[in-house]
Amino acid sequence: MKKLAFLALGCLLSLSAHAATFTFTAIPDQDETLLRERFGKIANYLSQELGIDVAYVPVKSYAAAITAFRNNQVQLAWFGGLSGVQARMRVPNSEAIAQGYEDQFFKSYFIAHHSTGLVPGDTLSSELQGKTFTFGSKGSTSGRLMPEFYLRQQFDQAPETLFERVGFSGDHSRTIALVQSGAYQVGAVNYAVWERELAAGNIDTSSVSVIWETPTYPDYQWSIRGDVDATWGEGFKARVKQALLSMDDPELLASFPRQSFVEASNDDFAPVAKVARSIGLID
Amino acid sequence: MTAPARFDTTAGRYRRLSLGLALTALLALTLADIDWVNSSPWFELGRIGWGMLTPDFFGVESLASAVANTLAFALLGVAVANVTGFIFALLFRWRLVQLFCALIRAVHELFWALLFLQLFGLGTLTGLLAIAIPYTGIFARVYAEILEEADQRPAELVPVGSGWLSTFAYARIPPAFAHLKNYALYRLECGIRSSAVLGFIGLPTLGFHLETSFSQGLYSQAAALLYLFFALIASIRLWVRPWLIPLYLAMALYWLPFDGYWSVATLQQFLGYDIVPAPLRDAGVQALAEPRLWWPWLQNLLLQQALPGIVNTLVLSIIAMVACGILTLLLFPLVSTLFMPRQGRSTGHLLLVVLRSIPELILAFIILLVTGPSMLPAIIALALHNGAIIAHLIGRYSDALLLRDDASRGINRYLFEVLPRIYPQFLAFLLYRWEVIMRETAILGILGIHTLGFFIDSAFEELRFDRALLLILMTALVNMALDQLARALRRRLQLDANPQQARY
């Protein structure tokens, strides 16, 4: 009997120890390699700054990250614009606390294969009609939501009717590969990924180029659950925010990759929510 | 004497079925969305080719643990399904059990995983259940058939008054044991493939890294992962020994972390809110009485997604199945002792292992680069993958055929000696595979083809679990109907003459 009681106590202790580990995740949108190594360093940094155990959980999809956030498996997450809105809708009092400096004015590129004859312009050419088109991942802000919004705004019809065929490549790098090969004629891609792949020599500029860039919009941000103060004490949320904003080690920032983090609030993402609602991605 | 009437011979029935399938596929082709664009894939194909030549085994982090996870999920999932499936097999004479098993195996592992992800997060439990549940349905059906068709004479000869358990243990199991064991081993290979593919949605198996490196264009890393995967599958008969299984299972239990996440609140949230159709969430159950509340929602889902999804899925799967059949007939001689010397067979085996182990998603992406988006890459990818599986099985089956010493050689041997003998098996395999091909059309959203799976995936991505569940149920119903049809066809043709072979 005594043994059993000890066992139960042990379970309880391990449970509470488990609950006291502050856990975060990050949407893999631009670079999915070496996630553990890169974000393990972020976990160490936060652990030092906050004085508690911090763990990182790798995820593969937007939906998995949102689910983990809602189910309190993670308390902090580096979300895209849309996934952040979707996640905060589901967790009362959750808050966007910081965004990348670059995320205040993020943008998407429309890219086209040269055989289409499409040339760069200030607006999307009406010759887009009837082409084949690929988005990135279905839940991506820069690879799906904002491109779809601007397409609808300009042509006043759904992509499925505007284009001959609409695919979802699932990833920005794959979007580039598919348009570059001409498999899809046109595509929409996160500008940062395009610039990175271009610099790395992975893009054959004789067959694919940027034909339009969208106006800027807010994208990635750190969102935190509303109940963290109740678990880790009053003012914990503010301390997490401070730790993120004061991150200045270039090696850590390169994981995102961002030059620095700046303040953010839920209101910054109201335009994203509005666009998502108008497209029917959220109710 | 009258001229012999045109008898309804078995061969005649095979011919009619083959012709019927081919004509249906041709009809489907006229409805299919097939296209070939003039693309310039060489830049990307060059990078992929270079990656395959320069595999990088050290660029992927925690590679060893990914291999261990892949094996551990597969071993435990298949072991659990083996036991539960066996229990259901004993109860299989009840229609309800049959339907239940058909339902659970009709849902793709990935969709089971996406559902459990909502409840248990990305933990061990999610991976195990995603394999164990559909495999339970498969094991139940196959084990029930094996037991039914095993030699019944020993059981009839036990003395009057012998207990049920003794009869079962001493007279029913022994005659069926070899087949049960063979089948369990084959399922383990399938389990390793399933386990790897679960990585695509985030479980820490080989598929996690494979998807990452492939989608990011890191082809040297992708090649390394693929080669490892091929090696695991190809060597399976070397390292799986019955007496080692308990040891492997113990290691798997020890290795996998069972600190999964679980809470009643999450369960309540999921069952009581997430999967309740959106229009009924606030209004409660009594709203069911008012169709105007939910009919538009349902109608929209049916007309916009379910119906076109079902049509596209059927069209695609029937073409893929017939293409798969043609491919099988071309490929199986490569691994058959009747046609190939030893060295040629090794090459053949290697080719088949490669074709059946590359996840369809990756095959489809490579073909998509060349042909452009349409149903074409899906058809080719599904036909190659499944064709390689059936060719492997038919090849093994043909090895057991005994030909006369003076049997003809070459093309005559193929057409007049071997083909007639393997044809019933071949058709049985093919019809069984139809169900599998249907399930697999789910994961090809990259091609912009709106199959049922495409819409289910979208529903999960938009966190609309009510839609996802309804669409999954519809997929399951279509699968069950198809399964019934295929079985009716098989029965008509008496393809089950040697059933232990027919179900792989």
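Mentor: Before we look at chain B, keep in mind that a salt bridge is a side-chain nitrogen of Lys or Arg within 4 Å of a carboxyl oxygen of Asp or Glu. This is a predicted model, in which local features need pLDDT of at least 70 and side-chain atom pairs count only at pLDDT 80 or more, while totals for chains, interfaces and linings use all residues. Residues are numbered from 1 along each chain as its sequence is written, chains are lettered from A and ligands numbered from 1 in the order in which they are written, and side-chain values use heavy atoms, with hydrogens and water left out.

Trainee: OK, so how many salt bridges are there between domain 1 and domain 2 of chain B?

Mentor: The count between these two domains of chain B is one salt bridge.

Trainee: And which residue forms a salt bridge with Arg356(B)?

Mentor: That partner is Glu189(B), and the closest N and O atoms of the pair are 3.0 Å apart.

Trainee: Where do the two domains of chain B run?

Mentor: Domain 1 of chain B covers 10-39 + 296-504 and domain 2 covers 57-262, with bounds that come from an automatic or database domain assignment.

Trainee: How many residues are in contact there?

Mentor: Taking contact as heavy atoms within 4.5 Å, 38 residues of domain 1 of chain B touch 35 residues of domain 2 of chain B.

Trainee: New topic: which residues make the contact of H3(B) with H10(B)?

Mentor: Leu63(B), Val67(B) and Leu71(B) of H3(B) meet Leu225(B), Leu228(B) and Leu232(B) of H10(B), where helices are DSSP runs (H or I, at least four residues) numbered from the N terminus.

Note on methods
Helix = DSSP H or I, 4+ residues; strand = E, 2+ residues; numbered from the N terminus.
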